[in-house]
Amino acid sequence: DVAFSTDGVYAATGSYDGTVRIWNSGDGSLVQCLEGPSKEVEWILWHPKGHAILAGSNDTMAWMWWAPTGKVMQIFAGHAAGVSCGCWGLGGKVVVTGSEDHGIIVWNPRAGTPQHHIREVHESSVISICSHPESPIVVTGAEDATAKVVQIETGKVLAPLPGHIDSVEAVAFSNSSKGTLLLATGSMDGTVQIWDAKSMDLRCTVKEHFEKGGIVKLKWLPGSAFGNWFCTCSTDKTVRLFNGLSGECLRTLQGHSETVMGLDLAIGEADGKPQLIVASASEDKSCRVFVVALWTAGVEATPSQLSPVAGYGGFGSAGMPTAAYGRPSPALQATGAGLEAPQESPKGSATPLASPGDAPAQGCPSPSHMPV
């Protein structure tokens, strides 16, 4: 797994070798190698307000470090099988982990103790989880093809979210601060279900991937302006952009030759107009970066016009690689991204881009002084 810290200062990589490595996102140098797990690291997740990082491992535990120093802040032990997913709840005040033991645990990150152990939430492994942006609620997805809404203060399952016929690989709440808050559940059955996050009523089912491939991951666009749009990556070798309110597919980004295993998103600007930056990673051993114009139905600015938002996720900082402006860096050439624009549907367009960032490290707080 790969993830940038919220402020873009660091990038983290979690590996099946049991380590998490912290990198300076400005120059790519290694900052720390975080050790502890005795088995594979399945996922990593930064704290929403600081440089604490979580990791879930097949050793049945979740680990939390202070990334700049490498200090272990907590070890969360309580599951009976691998910790397959996790999230920060209540804005970072609690940790919620899901496991192959079919249950979830709500943790106090300062004390490292469980507040609730909710067993047998599903009939099989819990493989995806997300937290409501305001309420003490999480949504879980499992290999049993179900998603469920859980109240983390009482430990009660509030509602099932039925309709999928294969494993629910991704669950996520939208980022919009205006209008309806949405919830998306993505499945290996090739569909994404969009729910009203208040009533938990089904709004629509997106079937663009159906009978082509399964959903591996999905992410809503950052910020509120396009917070009801989301991207998916799939076993059908594509990345797609959707309007979550209508279910309409707005873009299909092509170029990978195998399953697209992960993606991340950022919003940039071209002449003051928004552009979506999509980074994708595939089993074809390549990473690609697409730039999609958001202000038109498919007209894209040229690479020389691109000006990512300063300070957002590390974009726009000094020392930006020339590849960001259309000239391939050695890193891009090595991955095969180069300057070729990957193919896509007539509705959109794509241009390779590289992403930097930089910043100093900070001191290590004790768990009792974690940012919340």
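Colleague: How many bridges join strand β10 to strand β11?

Modeller: This is a predicted model, in which local features need pLDDT of at least 70 and side-chain atom pairs count only at pLDDT 80 or more, while totals for chains, interfaces and linings use all residues. Residues are numbered from 1 along each chain as its sequence is written, and side-chain values use heavy atoms, leaving out hydrogens and water. Strands are DSSP runs of E with at least two residues, numbered from the N terminus, and two of them pair if DSSP finds at least two bridges between them. β10 (residues 94-99) and β11 (residues 104-108) run antiparallel, with Gly98 opposite Ile104, and the number of bridges joining them is four.

Colleague: Which strands stand at the edges of the sheet that has the order β9-β10-β11-β12?

Modeller: This open sheet has four strands with antiparallel pairing. An edge strand has a single partner, so one side of it is left without a neighbour in the sheet, and this holds for β9 (83-89) and β12 (113-118).

Colleague: Which strand gives the most to the largest nonpolar core?

Modeller: Such a core is a set of buried Ala, Val, Leu, Ile, Met, Phe, Trp, Tyr and Cys residues joined through side-chain atoms within 4.5 Å, where buried means under 20% relative accessible area (1.4 Å probe, protein chains only). The core has 19 residues, and Leu221, Cys231, Leu241, Leu276, Val278 and Leu294 touch the most other members. With four residues, the strand that gives the most is β25.

Colleague: What is the average pLDDT of the protein?

Modeller: pLDDT is the predictor's confidence in each residue, from 0 to 100, and 79% of the residues score at least 70. The average is 82.

Methods: Buried means under 20% relative accessible area, exposed over 50%, partly exposed in between (1.4 Å probe, protein chains only).
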